[in-house]
Amino acid sequence: EVDANVMALNTDPAREQVLVLLYDVTYLRQVEQMQLDFVGNVSHELKTPVTAISGFAETLLAGAKDDPATAEKFIGIIASESQRLTQLINDILTLSRPQATQPKLTAVDLTALVDSTLQPLAQPIKEKQLQVQRDMPESLVITTSAPKLSQVVRNLVNNAVYYNRVGGRVTITAVKSADLLTFTVRDTGIGIAEADVPRVFERFYRVDKARSRHNGGTGLGLAIVAETVQQLGGEITVHSQLGVGSTFTVTLPLEETEPEIAAD
Ligand code: ADP
């Protein structure tokens, strides 16, 4: 798709010259369409928990509150749908917030970060009888944006636990070289079909919609991971086999801790 701008360069009718500027706006149109799709998806996704919350609240007011067992069940649904709504809003804000050009960099211990990510997962790990293996040095300090790295680790580890199977395994590894961090989260879970693999980083893409929504996933986790890794100048890859498991690998360039003095 092309937009054109035509300007007369010369007012002298004997030497008519015009400048024609052609712009390829295909990319702009694609970005506009993606933004429209995102807004459409957002409205749809927000409506689902809101409809449930207002529906159950109205049913309670209409009389269901008089039966304690029913009331407790409905209030439980309202509470979990509210949590879901909060998670959705947080994820949407994370994706929509304009990015500061330079994220604030600090020293972050990735090993400690992984440990604190695993703590709130103790319950589902126990319920699914998962073996969690953490192949990392006692302390692995890198210079990066703490909130961004934490976002990446949390979403990948959550998925590895959540999409796992009873008795499965989660292996988290990190290796640091002079200028590169390689962080891997591997699970022996349900895996992802070949056709879905390239799509899992898309906003709101879920392989199994009913299952994910029911369990509180927003379909935004991996989109956030991909964008965050990109902001940190890194890359993410995924290898997966349906019914066998998935491996997500993040590589991040590392700043040299002691900058060399420029020879000039
Ligand atoms: P969700 O909130 O649905 O988990 P994500 O963006 O984190 O959203 O993931 C997108 C989809 O990719 C998920 O709905 C799921 O189908 C698939 N997926 C993500 N991680 C894994 C994994 N470790 N194993 C299998 N499938 C996964």
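In the predicted model, Pro49 is buried, with a relative accessible area of 0%, and its place is within helix H1, which spans residues 26-61. Although Pro49 and Glu81 are 32 residues apart in sequence, their C-alpha atoms lie 5.3 Å apart in space. A contrasting case is provided by Val185, located in strand E7, whose C-alpha atom is separated by 33 Å from that of Leu36, a residue 149 positions away along the chain. Val185 has a relative accessibility of 1% and therefore counts as buried, since the limit for that class is under 20%.

Ala122 belongs to helix H4, which comprises residues 122-127. With a relative accessibility of 46%, Ala122 is classed as partly exposed, because that value falls between the 20% below which a residue is buried and the 50% above which a residue is exposed. The C-alpha atom of Ala122 is 31 Å from that of Phe56, the two residues being 66 apart along the chain.

Backbone geometry was examined next. Most residues other than glycine have a negative phi. Gln129, which is not a glycine, nevertheless has a positive phi of about 50 degrees; this residue is situated in the loop that connects H4 with strand E4 (131-135), and at 54% relative accessibility Gln129 counts as exposed. Phe204, likewise not a glycine, has a positive phi of about 70 degrees and is found in the loop between strand E7 (180-187) and helix H6 (209-214). In terms of accessibility, Phe204 counts as buried, at 5%, whereas Gln129 counts as exposed.

The side-chain interactions include both aromatic and polar arrangements. A search of the whole structure returned four aromatic pairs. One of them is formed by Tyr162 and Tyr163, whose ring centres are 4.5 Å apart and whose planes make an angle of 75 degrees, so that the pair is edge-to-face, the angle being over the 60 degrees required for that class. Tyr162 is partly exposed, with a relative accessible area of 23%, and Tyr163 is also partly exposed, with a relative accessible area of 23%. A ring is also involved in an arrangement with a charged group: the charged end of Arg203 sits over the ring of Phe38, at 4.4 Å from the ring centre.

Within helix H7, Thr228 is buried, with a relative accessible area of 6%. The side chain of Thr228 reaches the backbone oxygen of Ile224 at 2.6 Å, a distance that qualifies as a polar contact because it lies within 3.5 Å.

Helix H7 (221-231) is also an element of the ligand site, since this helix and strand E9 (245-253) each supply at least two residues of the shell around the ligand. In total, 19 residues surround the ligand, and the closest are Tyr163, Asp187, Thr218, Gly219 and Leu222. Tyr163 is thus listed among the closest residues to the ligand and is also a partner of Tyr162 in the edge-to-face pair described above. By residue class, the shell around the ligand divides into nine nonpolar, eight polar and two charged residues.

Polar contacts to the ligand involve both backbone and side-chain atoms of the protein. On the backbone side, an oxygen atom of the ligand lies 2.8 Å from a polar backbone atom of Thr218, and an oxygen atom of the ligand is likewise 2.8 Å from a polar backbone atom of Leu222. On the side-chain side, a nitrogen atom of the ligand is 3.4 Å from a polar side-chain atom of Ser246. Of the 530 Å² of accessible area that the ligand has on its own, 96% is covered by the protein.

Notes
Residues numbered from 1 in each chain as written. Predicted model: local features only at pLDDT ≥ 70, side-chain atom pairs only at ≥ 80, totals over all residues. Heavy atoms only, no water. Phe/Tyr/Trp six-rings, centres within 6.5 Å; stacked < 30°, edge-to-face > 60°. Buried < 20%, exposed > 50% of the residue type's maximum accessible area, 1.4 Å probe, protein only. Lys NZ or Arg CZ within 6 Å of the ring centre and 35° of its normal. Near = heavy atom within 4 Å. Polar contact = N/O pair within 3.5 Å; in protein donor to acceptor, adjacent residues only side chain to side chain. Areas by Shrake-Rupley, 256 points an atom, 1.4 Å probe, with all protein chains shown as cover. Helix = DSSP H or I, 4+ residues; strand = E, 2+ residues; numbered from the N terminus. Nonpolar A, V, L, I, M, F, W, Y, C, P; charged D, E, K, R; others polar.
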